Amino acid sequence: MQRNDPVLSDIIQKINFNEAGLQRQVYFLNEEGLLCHLSKRPSKSPRQGVRKQVCIPHCLKVRILESIHSEYGGHLRFFKTYQRLCENFF
């Protein structure tokens, strides 16, 4: 699905052709071939520092949000739900 997303497929293509620029600094393909993002934002998590986040195609954003929301009963409020998402997804 990442390769069918117009924004993510462009980044993947640039990585595959070794084009220099921002994409090579903050994006990479993991061992499974998934596009990931390196986040240097501070985190409330004990895993402070650089986080590796899977880049989510636009078509899956609602499904993942609903999954995180329902997994924790929907009572975490915005900030905690946002933090959970940011730990692993970009």
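**Exercise 1.** Which residue takes a positive phi in the hairpin of β1 and β2?

*Solution.* The model is predicted: local features need pLDDT of at least 70, side-chain atom pairs count only at pLDDT 80 or more, and totals for chains, interfaces and linings use all residues. Residues are numbered from 1 along each chain as its sequence is written, and side-chain values use heavy atoms, with hydrogens and water left out. Strands are DSSP runs of E with at least two residues, and helices are runs of H or I with at least four, numbered from the N terminus. Between β1 and β2 the hairpin has 5 residues. Within this hairpin, G33 takes a positive phi near 85 degrees.

**Exercise 2.** Determine the strand order and pairing of the sheet.

*Solution.* Two strands pair if DSSP finds at least two bridges between them. β1 and β2 (residues 35-39) are antiparallel over 3 bridges, with L29 opposite L35 of β2. β2 and β3 also run antiparallel, joined by 4 bridges, and H37 stands opposite Q53 in β3. The result is an open sheet of 3 strands in the order β1-β2-β3. Its edge strands, each pairing on one side only, are β1 (27-29) and β3 (51-54).

**Exercise 3.** Establish why β2 is described as largely enclosed.

*Solution.* Buried means under 20% relative accessible area, exposed over 50%, and partly exposed in between (1.4 Å probe, protein chains only). Of the 5 residues of β2, 4 are buried, so the strand is largely enclosed by the rest of the structure. By contrast, F79 is partly exposed, at 45% relative accessible area; F79 lies in helix α4 (residues 77-88).
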